[in-house]
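User: I should like to learn how to read the features of a protein structure. Could you guide me through one, step by step?

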Amino acid sequence: MFEPISSRRRWAILGLLCLGMMIAYFDRVNLSVALAHQSFKEFFGLTDADRGALNSAFFWSYAFCRSRPVGW
């Protein structure tokens with residue numbers, strides 16, 4: 001019914017999963033650093049409420065994607 005996965009394909013899948021995890025980590029870190037940096041706030045003219053809305057929008061969508069629909 002199912003064919004076994006070759007060793008090469010298994011390593012390719014593992015590599016893609018690790019790459020995706022690294023990208024997600026860098027997104028989270030860069031967003032928090034950018035929103036705290038003074039020049040970023042001045043360039044975009046962000047208030048504290050704007051920065052909170054950006055953070056909320058990112059993390060609510062991130063939380064939704066980390067839930068069951070992605071796991072399935």
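Analyst: We shall go from the overall form to single residues. Please keep in mind that this is a predicted model.

User: Which helices and strands does the protein contain, and in what order do the elements run?

Analyst: One begins by listing the elements from the N terminus. Here the protein has 4 helices and 0 strands, and the order is α-α-α-α.

User: How does the radius of gyration of the protein relate to that of a compact globule?

Analyst: The idea is to set the value beside the one expected for a compact globule of 72 residues. That expectation is near 11 Å, whereas the protein has 18 Å. The spans of the C-alpha trace along the principal axes add to the picture: they are about 60 × 25 × 10 Å.

User: What share of the residues is buried, and what does the surface consist of?

Analyst: A residue is called buried when its relative accessible area is under 20%. Of the 72 residues in the protein, 4% are buried. The exposed area amounts to about 6500 Å², and carbon and sulfur atoms supply 67% of that area.

User: How many charged side chains are there, and how far apart do the centres of the two sets lie?

Analyst: One counts each sign and then compares the centres of the two sets. The protein carries 8 positive and 5 negative side chains, with 15 Å between the two centres.

User: Where is Arg51 found, and is Arg51 buried or exposed?

Analyst: One locates the residue in its element and then reads its relative accessible area. Arg51 belongs to helix α3, which covers residues 48–65. With a relative accessible area of 18%, Arg51 lies under the 20% cut-off and therefore counts as buried. Leaving aside residues up to four places away in sequence, Arg51 touches Leu35, Ala36, Lys41 and Leu46.

User: How many aromatic pairs does a search of the whole structure find, and how should I read one of them?

Analyst: The search finds 4 aromatic pairs. One of them joins Phe40 and Phe44: the centres are 4.9 Å apart and the planes meet at 55 degrees, a tilted arrangement.

User: Why are Phe40 and Phe44 separated by about one helical turn?

Analyst: Both belong to helix α2 (residues 38–44), and they are separated by about one helical turn because they stand 4 residues apart there. Phe40 is partly exposed at 28% relative accessibility, and Phe44 is also partly exposed, at 49%.

User: Which residues do ring pairs link into a cluster?

Analyst: Pairs that share rings can be followed from one to the next. In this case, ring pairs join Phe40, Phe43 and Phe44 into a cluster.

Note on methods. Residues are numbered from 1 along each chain as its sequence is written. This is a predicted model: local features need pLDDT of at least 70, side-chain atom pairs count only at pLDDT 80 or more; totals for chains, interfaces and linings use all residues. Side-chain values use heavy atoms; hydrogens and water are left out. Helices (H or I, at least four residues) and strands (E, at least two) are DSSP runs, numbered from the N terminus. The radius of gyration is taken over C-alpha atoms; the globule rule is 2.2 Å times the number of residues to the power 0.38. Buried means under 20% relative accessible area, exposed over 50%, partly exposed in between (1.4 Å probe, protein chains only). Accessible areas come from the Shrake-Rupley method with a 1.4 Å probe; for residues, only the protein chains shown count as cover. Lys and Arg count as positive and Asp and Glu as negative; His and the chain ends are not counted. The place of a charge is taken as NZ of Lys, CZ of Arg, CG of Asp or CD of Glu. Contact means heavy atoms within 4.5 Å. Rings of Phe, Tyr and Trp (its six-membered ring) pair if their centres lie within 6.5 Å; planes under 30 degrees apart count as stacked, over 60 as edge-to-face and the rest as tilted.
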